[in-house]
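Here's a quick briefing to read alongside the model. Have the sequence and the 3D view open as you go.

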Amino acid sequence: MTEPNLPPHSQLDCKNLTSLHSLTCSSLESAYQALYTEFLAKSRHNDIPDSPAARDKLCAVIAQTRSDLATCSESTTRSRISRVLKLQESMLAPIRILPSDVLIDIFQLVDQASGITYLRPSGSIYGCIFLVTWICFWWRDEALSHPAFWSRITIHYGYGQPHPEVTAFLSECILRSGDSVPMNISISSVGGGTGSAPAVELAMLVARTHRWREASLYFGSPQEFHSILPFKPSSTHFPLLEDFSFEWPDFIDLIQNPIQNTILECRPPLQKLRLTQLSESYVDFIASRNLKAVDVHTYIGISLAKLLQMCPCLEFLGLKSFISTGKPDANEIPCQS
């Protein structure tokens, strides 16, 4: 490097020293501004050294940065160098060499199966997986490439107008769930509903009923039975549905429920079933050796014998109310299962 043309030492006064110092700090600040941009991009994309030689080169760069930080006295420049040093050192962090499957396992611990929750009255949407996508491009790409993180959807409807931006974002989250990963769905509506037509996001969920593994539905009025989830028996099926919960207020528990009946008539492979009301006439549709638990508020029929006989592997039966529709046939053979 060519030495700068400086006046003799005897001729250097305080003004000259100040100018020289400013020039040096300015050059250092400019150099580390460029380094900050470079290593910030590397950090975001996890562009780490891929060979021992590359790691040795990075270690040498880090040593030089530490030296510059130790000798620099200007506060603004020191702050810039310190930020660059943190980025450089982070490139050697052990977490950056984790395999994708291990990183996904860690994300699952963060998510804790909470999924994505949308509160329509307030227009808010939240989920632990969002925090992961905000860390860096590397983590975001890994999270977006794993559809299971976007396949647990909870929607709470109430009074208030929808927020188009949030609704569009929820629709994007549903699209991120892919085409084949099983979905866990929870939908509740207590007054207000969604209007005369089903919401866009609900239409997207109904179009994916073939992927539903768990479904929890709650409605607060009879009108919402028809308007919110307009299932079409001819095009709707539930081949993966193992856990189904359908509840509504006690004051309408005798109203015929087309949504519940449509789902049961599809004969899903249920293991757990929770209903506000179950009629004996629909026991044939839930008959299965897979069914392990049934929790019903009101059972309507002649006796429980048919339910026990048609579900021989039942381990749990919860019943709060029984409405008799007649007397058992005296000639009927008792259930011996």
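What follows is a short tour, from the whole chain down to single residues.

Keep in mind that this is a predicted model. The protein has 337 residues, of which 39% count as buried, and its secondary structure comes to 12 helices and nine strands.

**The overall picture**

- The accessible surface of the protein is about 18,500 Å², and carbon and sulfur atoms account for 57% of that.
- Take the contacts between residues at least 6 apart in sequence: 65% of them join residues at least 24 apart.

**The sheet**

- Nine strands make up an open sheet with mixed pairing, and going across it you meet them in the order β2-β1-β3-β4-β5-β6-β7-β8-β9.
- Because β2 and β9 (316–324) each have a single partner strand, they stand at the edges, and one side of each has no neighbour in the sheet.
- On average, neighbouring strands of this sheet are turned by 10° against each other, if you ignore direction.
- As general background, strands of a sheet pair through backbone hydrogen bonds, either parallel or antiparallel.
- For a parallel example, look at β4 (residues 183–189) and β5 (residues 212–219), which pair over seven bridges.
- If you want one spot to click on there, Ser 188 has Tyr 218 in β5 as its bridge partner.

**Helix α7**

- Helix α7 covers residues 164–176, so to speak a run of 13 residues, and reaches 18 Å from its first C-alpha to its last, close to the 18 Å expected at 1.5 Å a residue.
- This helix lies across β1, β2 and β3, and runs at about 155° to β1.
- Which residues of α7 are buried? They are Val 166, Thr 167, Leu 170, Ser 171, Cys 173, Ile 174 and Arg 176.
- The cover over those buried residues includes strands β1 (116–119), β2 (124–126) and β3 (152–157), along with helices α5 (128–133), α6 (137–144) and α8 (200–206).
- Just after α7 comes Gly 178, with a positive phi of about 80°.

**The nonpolar cores**

- The largest nonpolar core holds 54 residues, and the ones touching the most other members are Ile 153, Leu 205 and Phe 244.
- Leaving aside neighbours within four places in sequence, Leu 205 is in contact with Ile 153, Ile 155, Ile 174, Met 183, Ile 185, Ile 187 and Trp 212.
- Apart from that core lies another one, of 12 residues, including Tyr 32, Phe 39, Ile 81 and Leu 87.
- Ile 174 turns up in two places here: it is one of the buried residues of α7, and it is one of the contacts of Leu 205.

**Loop residues to look at**

- Asn 46 sits in the loop between α1 (14–44) and α2 (52–71), and has a positive phi of about 55° although it is not a glycine.
- Is Asn 46 buried or exposed? Its relative accessible area is 14%, and the cut-off for buried is under 20%, so Asn 46 counts as buried.
- Arg 267 is another non-glycine with a positive phi, of about 50°, and you'll find Arg 267 in the loop between α10 (258–265) and β7 (272–279).
- Thr 209 is in the loop between α8 and β5, and is buried because its relative accessibility is 3%.
- Thr 209 and Phe 238 are 29 residues apart along the chain, yet their C-alpha atoms are separated by 5.8 Å.

Notes: Residues are numbered from 1 along each chain as its sequence is written. This is a predicted model: local features need pLDDT of at least 70, side-chain atom pairs count only at pLDDT 80 or more; totals for chains, interfaces and linings use all residues. Side-chain values use heavy atoms; hydrogens and water are left out. Helices (H or I, at least four residues) and strands (E, at least two) are DSSP runs, numbered from the N terminus. Buried means under 20% relative accessible area, exposed over 50%, partly exposed in between (1.4 Å probe, protein chains only). Contact means heavy atoms within 4.5 Å. A nonpolar core is a set of buried Ala, Val, Leu, Ile, Met, Phe, Trp, Tyr and Cys residues joined through side-chain atoms within 4.5 Å. Two strands pair if DSSP finds at least two bridges between them. Axes are lines fitted to C-alpha atoms, for helices over the stretch in contact, and angles run from 0 to 180 degrees between N-to-C directions. Accessible areas come from the Shrake-Rupley method with a 1.4 Å probe; for residues, only the protein chains shown count as cover.
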